[in-house]
Amino acid sequence: MSRKQKQNIDRILADWSFDPRMINARVVRGDDGREVVQMRVDLGVLQLEVAGRPDGQRPKGYETYFDYLVSRTVRDEAFQLRDRQRAEVDRELAQFYHRRICWLTLRQFARAVADADHTLALMDFCIEHCADEHWMLTHERYRPFVLFHRIQAAALDHLERHAPDEALRTIDAGLEQLRELLVVRDIEESDGELIERLTDLRASLHDHAPAEPTLEEQLRDAVAQERYELAAQIRDELARQRTGQ
């Protein structure tokens, strides 16, 4: 096989058609056996590493460009982002966005949470270390969307770990956090939809929450655990209910 034949991706594109109605993502093995994420886009395929920076690079020797920027603030407390550094921040935010939506599609929720946390932390860094308000606001307008992804992924991760109560608590805390965020900015229609989507998710998760144990079940548990004083109290409550008192 010639070098030119090896370089084209005709076979991949032919075997994996693009569907504009959904995120087209999969995990495959690289030539060296490592896992990589692939995302089918209209004009080809994106390939992302599963750990560290999605493009596999180590900017300035650090795992991510954000890690490098943090190291700069250790040496220079007055550090401010310059034009070229802002362009690198844009690159990293875009890369983590693509991988985050892949993780959500692939139901890799813990990984989606980690990538959302990275994005939110990088946004926080930009607020503290950038004097260009216009550039900063181009990112801040997406903060509700990133936060929504983070809340959604964390809740679904709890649900898959058979902890529906934790999932509900995560959504409740997230809704409060998202509403507080929207108070300090002009609420766009899309942001209001995020609240609605989380509320709908909460309603659907509520069906998975375990019912409260009956008094009979609580009595059996108390006896099994040799908590006889509690068992006596539960028996008294059962007796009161049966007599209608």
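In this predicted model, three strands come together as an open sheet, arranged in the order 1-2-3 with antiparallel pairing. The edges are taken by strand 1, covering residues 24-29, and strand 3, covering residues 44-49, each of which pairs on one side only. On average, and with direction ignored, neighbouring strands of this sheet are turned by 30 degrees against each other. Strand 1 is joined by six bridges to strand 2, made up of residues 35-41, and the two run antiparallel; to follow this pairing residue by residue, one can begin at R29, whose bridge partner in strand 2 is E35.

Strand 2 also leads to the nonpolar interior, for it supplies at least two residues of the largest nonpolar core, as do helix 4 (83-105), helix 5 (109-129), helix 7 (143-160), helix 8 (164-183) and helix 9 (189-206). This core has 34 residues, and those with the most contacts inside it are L147, A153, I171, L178, L198, L201 and L205. Helix 7 provides the largest share of the core, with eight residues. In soluble globular proteins, nonpolar side chains tend to be buried together.

L198 offers a useful point from which to look at the surroundings of one such residue. Once its neighbours within four places in sequence are left aside, L198 is in contact with F148, I151 and Q152, and also with I171, L175 and L178. Separate from this core there is a second one, which has 14 residues and includes F66, L81, L93 and C130.

Key: Residues are numbered from 1 along each chain as its sequence is written. This is a predicted model: local features need pLDDT of at least 70, side-chain atom pairs count only at pLDDT 80 or more; totals for chains, interfaces and linings use all residues. Side-chain values use heavy atoms; hydrogens and water are left out. Two strands pair if DSSP finds at least two bridges between them. Helices (H or I, at least four residues) and strands (E, at least two) are DSSP runs, numbered from the N terminus. Axes are lines fitted to C-alpha atoms, for helices over the stretch in contact, and angles run from 0 to 180 degrees between N-to-C directions. A nonpolar core is a set of buried Ala, Val, Leu, Ile, Met, Phe, Trp, Tyr and Cys residues joined through side-chain atoms within 4.5 Å. Buried means under 20% relative accessible area, exposed over 50%, partly exposed in between (1.4 Å probe, protein chains only). Contact means heavy atoms within 4.5 Å.
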